[in-house]
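Me: I would like to go through this model in a series of short questions. Please keep the reasoning brief and finish each reply on what I asked for.

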Amino acid sequence: MVRELPFVAWLGLGGNLDDPVESMAHALRTLDAREDTRVISVSPVYRTPPWGKTDQAWFHNACAQIETLLEPLALIATCLEIERTLKRVRLERWGPRIIDIDILAMQDNAGRAIHLNEASLILPHPRIHERAFVLVPLNDIAPDLHICGKTVSEWEADCEHAGIEKAHMDAGWWRK
């Protein structure tokens with residue numbers, strides 16, 4: 001019998017240095033190997049234009065749904081530690097990176113949204129509704145998830161998708 005974990009979270013993953021797809025896959029495998037966390041679903045990978053700071057290489061982005069025993073601040077600490085093990089260096093906001101792992105939204109196992117405004121984590125992610133590179137892959141795995149008064153599919157339908165293309169069609173890309 002599979003035990004239900006107390007929290008569900010949706011993660012955004014991305015990068016544009018070295019092999020970002022392998023970095024995202026490594027991050028997901030690391031999370032899934034933990035006793036306190038299980039990866040439930042993963043979107044295909046998308047190739048996306050840079051956002052915010054546009055004079056850099058295009059990104060690869062994906063989203064994942066996990067179940068975890070980790071409370072929000074412990075989960076973000078775990079994600080940041082995974083970034084560090086993959087040699088993430090933070091030089092400039094929205095700049096090039098080998099990996100980025102964001103917690104987009106989180107719920108308890110009764111489906112109640114967790115709202116948080118801490119220095120290290122804001123839930124739901126404050127700019128999720130502006131970012132097609134998040135909304136497009138998130139719509140693949142959580143179209144009915146409610147964020148800031150709308151579903152992901154409603155937000156996704158209203159955002160600009162120019163340049164976004166699927167890079168890996170197989171949702172199992174991260175297990176390889």
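**Burial, pairing and odd geometry**

Me: Which residues of α3 are buried?
Reply: This is a predicted model. Helix α3 covers residues 132–141 and is mostly covered, with nine of its ten residues buried. The buried residues are A132, F133, V134, L135, V136, P137, L138, N139 and I141.

Me: Is strand β4 largely enclosed or largely open, and how many of its residues are buried?
Reply: Strand β4 takes in residues 59–68. In a regular strand the side chains alternate between the two faces of the sheet. Here F59, N61, C63, Q65 and E67 point one way, H60, A62, A64, I66 and T68 point the other way, and all are buried. The strand is therefore largely enclosed by the rest of the structure, the buried count being ten of the ten residues.

Me: How many bridges join β1 to β4?
Reply: Strand β1 is made of residues 7–15 and runs antiparallel to β4. One position in this pairing is F7, which stands opposite T68. The number of bridges joining the two strands is nine.

Me: Which residue of β4 stands opposite V42?
Reply: Strand β2, residues 37–42, pairs with β4 in the antiparallel sense over five bridges. V42 has as its opposite residue in β4 A64.

Me: Which residue of β4 does T48 stand opposite?
Reply: Strand β3, residues 45–48, is another antiparallel partner of β4, with three bridges. Across from T48 in β4 is F59.

Me: Which residues does Q65 touch, leaving out those up to four places away in sequence?
Reply: Q65 is found in strand β4. Its relative accessible area is 16%, so Q65 is buried. Leaving out residues up to four places away in sequence, its contacts are V8, A9, W10, R38, V39, I40, S41 and I141.

Me: What should helix α1 span, and how far apart are its end C-alpha atoms?
Reply: Helix α1 has 14 residues, 20–33, and at 1.5 Å a residue it should span 20 Å. The expected span takes one less than the number of residues. The expected value agrees with the distance between the end C-alpha atoms, which is 20 Å.

Me: Which residues does L31 touch, not counting those up to four places away in sequence?
Reply: L31 has its place in helix α1, where the buried residues are P20, V21, S23, M24, A25, A27, L28 and L31. The relative accessibility of L31 is 0%, so it counts as buried. L31 and T68 are 37 residues apart in sequence, yet their C-alpha atoms are 9.4 Å apart. Not counting residues up to four places away in sequence, L31 touches L11, T37, T78 and I82.

Me: How many disulfides does the structure hold, and which cysteine sulfur is nearest to that of C79?
Reply: A disulfide needs two cysteine sulfur atoms within 2.5 Å, and by this rule the count is zero. C79 is in no disulfide, and at 13 Å its nearest cysteine sulfur is that of C63.

Me: How far apart in space are C79 and I101?
Reply: C79 lies in helix α2, residues 72–85. With 0% relative accessibility, C79 counts as buried. C79 and I101 are 22 residues apart in sequence, and their C-alpha to C-alpha distance is 6.2 Å.

Me: Why is the sulfur of C159 not in a bond with the closest cysteine sulfur?
Reply: C159 is buried, since its relative accessible area is 13%. Its closest cysteine sulfur is in C63, and the two are too far apart for a bond because the distance is 12 Å.

Me: Which residue lies over the face of W155?
Reply: The structure holds zero aromatic pairs. W155 does have a residue over its face, 4.4 Å from the ring centre, and that residue is K150.

Me: What is omega for the cis peptide bond between L123 and P124?
Reply: P124 lies in the loop between β7 (122–123) and α3. The bond that joins L123 and P124 is cis, with omega at about -10 degrees.

Me: What is phi of D18?
Reply: D18 sits in the loop between β1 and α1. It counts as exposed because its relative accessibility is 71%. For D18, a residue other than glycine, phi is positive, near 55 degrees.

Note on methods: Residues are numbered from 1 along each chain as its sequence is written. This is a predicted model: local features need pLDDT of at least 70, side-chain atom pairs count only at pLDDT 80 or more; totals for chains, interfaces and linings use all residues. Side-chain values use heavy atoms; hydrogens and water are left out. Buried means under 20% relative accessible area, exposed over 50%, partly exposed in between (1.4 Å probe, protein chains only). Helices (H or I, at least four residues) and strands (E, at least two) are DSSP runs, numbered from the N terminus. Two strands pair if DSSP finds at least two bridges between them. Rings of Phe, Tyr and Trp (its six-membered ring) pair if their centres lie within 6.5 Å; planes under 30 degrees apart count as stacked, over 60 as edge-to-face and the rest as tilted. A charge sits over a ring if NZ of Lys or CZ of Arg is within 6 Å of the ring centre and within 35 degrees of the ring normal. Contact means heavy atoms within 4.5 Å.
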